[in-house]
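Q: Please take a close look at the metal site of this model and at the ligand pocket beside it, and describe how the chain supplies the residues that build them.

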Amino acid sequence: AKEMGGNRYEIADPAHDARAITRHDLTNRLPVALERGEFFVEYQPLIGLRDGAVHGAEALVRWGHPVHGVLGPDRFIPLAENTGQIVPLGRWVLEQAARQAQAWAAEHTHGCGPRVNVNLSPLQLHHPDLVGEVTRVLDETGLAPEALCLEVTESALIGADPEALRPLRRIADLGVEIALDDFGTGYSNLSSLRWLPVSVLKLDRAFTRGMRRHPADPVDLKIVEGIVSLAHGLGLTVTVEGIETSTQAEHLRALGCDTGQGWYYGRPGPPERLHELHLADAG
Ligand code: C2E
Ligand code: CA
Ligand code: CA
Ligand code: CA
């Protein structure tokens with residue numbers, strides 16, 4: 001039986017969901033897990049749709065749990081958000097990713113190495129020391145601000161008052177790129193693109209599902225065409241996630257999307273793999 005702390009009801013109730021016990025268990029273990037180095041970061045390539053080159057990678061955190069095996073972020077990020085543990089965990093991911101991108105840059109003598117995208121949770125976004133943290137990480141790793149992109153979700157930004165966006169604007173002023181992640185999944189307010197400090201629009205894979213095979217869903221094509229035209233008109237770059245087939249890649253390239261990411265190009269993996277991919281297309 002699992003150690004449940006003071007909560008005896010969870011042990012006494014036989015109908016209780018085993019998953020809920022795990023949630024409780026995982027939540028309690030988060031701080032220890034960070035101290036013991038149980039987390040690791042995988043990198044998924046971001047590909048230029050026109051040139052096919054590796055432009056960068058998204059850093060995605062995993063938990064190598066000693067009992068449950070490797071857990072994906074959907075299992076523990078929401079828990080870490082609830083307890084505030086996402087703040088130290090997110091800082092750790094940022095440090096890892098920045099160090100990794102700086103290592104790529106150092107190995108890649110001609111031109112620049114792949115850039116790195118890091119997810120920022122809503123709680124981190126509203127943390128009072130966010131600007132200080134990002135500045136420190138850039139100083140400590142020596143990473144060029146332009147080689148870092150922070151991904152923030154639409155839901156974390158929409159409805160935020162202008163005051164709350166000031167730290168993000170200061171980070172953008174440093175030269176760090178800001179991407180609006182999962183675009184189109186929340187209550188999209190297209191006019192908010194006028195004043196949000198973002199330079200990249202990241203389309204959720206919901207938009208690309210209907211393009212996996214020929215013929216593509218004509219409505220999906222029209223919607224993406226419209227978003228791309230709007231984004232480009234506002235000077236934003238468009239990235240698409242969830243590209244699983246070559247057909248999708250062709251459609252999205254034809255629609256003018258700039259970069260893409262998905263299983264077709266490469267699953268998230270260890271940093272060495274990204275470096276090999278990047279070198280392969282440099283040569
Ligand atoms: P996201 O930011 O939307 O990341 C993209 C997710 O799509 C990743 O799932 C990735 O593995 C998955 N994916 C990539 N290509 C494909 C594809 O072709 N098909 C399909 N079906 N899926 C694809 P993952 O790694 O499980 O991450 C899930 C979410 O967890 C992320 O969604 C992000 O919101 C969150 N997350 C991951 N790492 C971090 C982190 O360090 N901090 C924070 N705050 N959140 C993170
Ligand atoms: Ca993301
Ligand atoms: Ca996303
Ligand atoms: Ca998504």
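A: Donors are here taken as N, O and S atoms within 3.2 Å of a calcium ion, and since water is not among the atoms, the sites may look incomplete. The model is a predicted one, and its description can begin with the calcium ion (ligand 3), whose protein donors are D181 (OD), D182 (OD) and, listed twice, E241 (OE), lying 2.2 to 2.7 Å from the ion. Along the sequence these donor residues follow the spacing D-D-x58-E.

D181 also leads on to a second ion, for this residue bridges the calcium ion (ligand 3) and the calcium ion (ligand 2), which lie 3.7 Å apart. The protein donors of the calcium ion (ligand 2) are E58 (OE), N119 (OD1), E151 (OE) and D181 (OD), at 2.1 to 2.3 Å from the metal, and their spacing in sequence reads E-x60-N-x31-E-x29-D. Within this set, N119 in strand β4 (residues 115–119) and E151 in strand β5 (residues 148–153) form a pair that links distant parts of the chain, 32 residues apart.

On the side of D182 there is a third ion, the calcium ion (ligand 4), which is coordinated by D182 (OD), D204 (OD) and E241 (OE) at 2.5 to 2.8 Å. Its donors are spaced D-x21-D-x36-E along the chain, and the ion lies 3.3 Å from the calcium ion (ligand 3), with D182 coordinating both. Because D182 belongs to strand β6 while E241 sits in the loop between β8 (237–240) and α10 (246–254), this pair ties together parts of the chain that are 59 residues apart in sequence.

The backbone at D182 deserves a separate remark: its phi is near 55°, a positive value in a residue other than glycine, and this residue lies in strand β6.

The organic side of the site can be followed from E58, which is among the donors of the calcium ion (ligand 2) and also has a polar side-chain atom 3.3 Å from an oxygen atom of ligand 1. Further along, a backbone N or O atom of V61 lies 3.2 Å from a nitrogen atom of ligand 1, and a polar side-chain atom of R62 lies 2.9 Å from an oxygen atom of this ligand. The protein covers 85% of the 800 Å² of accessible area that ligand 1 has on its own, and the space that ligand 1 takes is the largest pocket.

The elements that contribute two or more residues to the shell around ligand 1 are β2 (54–65), α3 (73–83), α4 (86–107) and β6 (177–183), and the largest share, 4 residues, comes from β2. Of the 22 residues around ligand 1, those that come nearest are Q44, R62, D181, E244 and W263, so that D181, the bridge between the calcium ion (ligand 3) and the calcium ion (ligand 2), is also one of the residues nearest to ligand 1. By residue class, the shell around ligand 1 divides into 9 nonpolar, 5 polar and 8 charged residues.

One further backbone feature can be noted in the model: the peptide bond from H214 to P215 is cis, with omega near -10°, and P215 lies in the loop between β7 (200–203) and α9 (218–233).

Terms used: Residues numbered from 1 in each chain as written. Chains lettered and ligands numbered in written order. Predicted model: local features only at pLDDT ≥ 70, side-chain atom pairs only at ≥ 80, totals over all residues. Heavy atoms only, no water. Near = heavy atom within 4 Å. Polar contact = N/O pair within 3.5 Å; in protein donor to acceptor, adjacent residues only side chain to side chain. Areas by Shrake-Rupley, 256 points an atom, 1.4 Å probe, with all protein chains shown as cover. 1 Å grid on protein atoms, 1.4 Å probe; cavity = no way out; pocket = protein on both sides within 12 Å on 5 of 7 lines; lining within 4 Å. Sits in = over half its atoms within 2 Å of the grid points. Nonpolar A, V, L, I, M, F, W, Y, C, P; charged D, E, K, R; others polar.
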